[in-house]
Amino acid sequence: MHRILSPILALSLVLALTLCSCRDDAATAGPAKEQRKLTIGVSIPSADHGWTAGVGYWAREAMKLHPEINWVYATADSPEKQINDIKDMMAQQKLDGLVILATESAPLTPIAREVRRNGIYIVNVDRGFTEAEIAHVFVEGDNEAFGRKSAEFIAQKMGGEGKLAILRGIPCTVDTDRFNAAMAVFAQHPGIEILGTPQPAYYNRQKGLEVMQSYLAQFDHIDAVWAQDDDIALGAEQAIRESGRTDIQWMLGGAGMKDIVKRVMKEDPFYPADITYPPSMIAVGIHLCVSNLRDGQQDQIGQFMPQHLKLDVDLVTPENAEKYFFPESTY
């Protein structure tokens with residue numbers, strides 16, 4: 001079973017590793033031995049929506065802090081492209097490490113297994129592999145808490161009854177954890193009817209519009225919408241506005257997009273709350289990978305480093321939204 005450490009303790013360990021890597025010249029006898037420059041690959045999805053654009057921004061910012069590393073950076077708009085990117089990295093570069101945020105969990109698991117077999121250190125971020133033990137370190141937001149907190153807010157606001165439409169994300173561990181945790185909460189409220197079979201909207205605004213249009217065509221009354229993601233929510237909102245329907249008065253998205261947080265802060269009734277899910281987690285993964293590889297002692301370091309790191313998620317309400325609003329942010 002993977003060990004789970006709190007974010008504060010885990011980040012403290014990263015800082016400790018950073019400090020330990022600094023050598024006191026007075027304590028070093030003789031000239032410093034020149035080390036081979038490390039090569040680390042970073043493989044993430046293309047910026048097909050706001051959150052992944054934020055991931056790209058934070059990945060680039062994190063890599064800038066480590067000019068001593070030879071970085072190999074690639075973005076992919078499909079599992080097939082990402083698999084080929086990783087194969088190219090292994091064929092053309094002598095990779096020491098790989099930081100990967102998968103486009104989808106299942107298709108990327110076999111290539112990740114191959115990477116591990118080749119002795120390459122893997123930090124997996126956000127979307128886990130279907131075989132958890134493949135990654136040396138797995139960094140994710142607390143998706144079970146995301147689903148639970150979302151569902152608890154929705155159930156309370158609905159008064160425990162009504163018709164709820166659910167739009168799912170990309171088929172991956174993120175969506176599975178969120179959905180299952182939410183459904184466990186809704187099961188405690190038999191007065192809440194889940195409409196139809198929740199369909200994936202792939203964290204994409206256009207897909208959110210299309211799935212919501214399907215809901216609107218199938219059901220003549222909907223009380224609320226759990227969109228799970230702010231990009232999906234904006235697409236679903238567009239579909240609702242264009243339909244002229246007035247039965248849907250509010251929805252809950254997620255991930256903390258600054259435009260949605262601003263609307264929560266201004267008490268827009270259509271967005272009474274939001275859930276945080278910071279794309280900066282990719283930077284945490286990059287720094288962990290550098291710290292663990294830098295001194296060539298990853299096996300020894302791995303004995304006390306967390307193998308599974310969950311970052312907290314928070315419910316954003318009008319009362320605390322200002323704390324989560326960053327107007328200069330990419331996302």
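Two cavities of 30 Å³ or more are found in this structure, where a cavity is a set of points, on a 1 Å grid over the protein atoms alone, at which a 1.4 Å probe fits but cannot get out. This is a predicted model, in which local features need pLDDT of at least 70 and side-chain atom pairs count only at pLDDT 80 or more, while totals for chains, interfaces and linings use all residues. Residues are numbered from 1 along each chain as its sequence is written, and side-chain values use heavy atoms, with hydrogens and water left out.

The largest cavity holds about 80 Å³ of space; a volume here is the space filled by probe spheres set on the grid points. Its lining residues (those with an atom within 4 Å of a point) include His-49, Trp-51, Asp-126, Arg-127 and Tyr-277. Sorted by class, the lining of the largest cavity has five nonpolar, one polar and four charged residues. Asp, Glu, Lys and Arg count as charged, Ala, Val, Leu, Ile, Met, Phe, Trp, Tyr, Cys and Pro as nonpolar, and the others, Gly among them, as polar.

The second largest cavity has a volume of about 30 Å³. Among the residues that line it are Asn-124, Gly-128 and Phe-138.

Asn-124 leads us to strand 5, residues 121–125 (strands are DSSP runs of E, at least two residues, and helices are runs of H or I, at least four, numbered from the N terminus). Five of the five residues of strand 5 are buried, meaning under 20% relative accessible area with a 1.4 Å probe and protein chains only; exposed means over 50%, and partly exposed lies in between. On one side of strand 5 sit Tyr-121, Val-123 and Val-125, and on the other Ile-122 and Asn-124. Strand 5 pairs with strand 4 (residues 97–100) in the parallel sense over four bridges; strands pair if DSSP finds at least two bridges between them. In one of these pairings, Asn-124 is the bridge partner of Ile-100.

Trp-51, from the lining of the largest cavity, is also one of the buried residues of helix 2. What covers the buried residues of helix 2 includes strand 2 (39–45) and helix 8 (230–243). How far apart are the end C-alpha atoms of helix 2? They are 22 Å apart, which agrees with the 21 Å expected for 15 residues at 1.5 Å a residue, because the expected span is 1.5 Å times one less than the number of residues.

Finally, look at Pro-318, in the segment after strand 14 (315–316). Pro-318 counts as partly exposed because its relative accessibility is 28%.

Terms used: Contact = heavy atoms within 4.5 Å. 1 Å grid on protein atoms, 1.4 Å probe; cavity = no way out; pocket = protein on both sides within 12 Å on 5 of 7 lines; lining within 4 Å.
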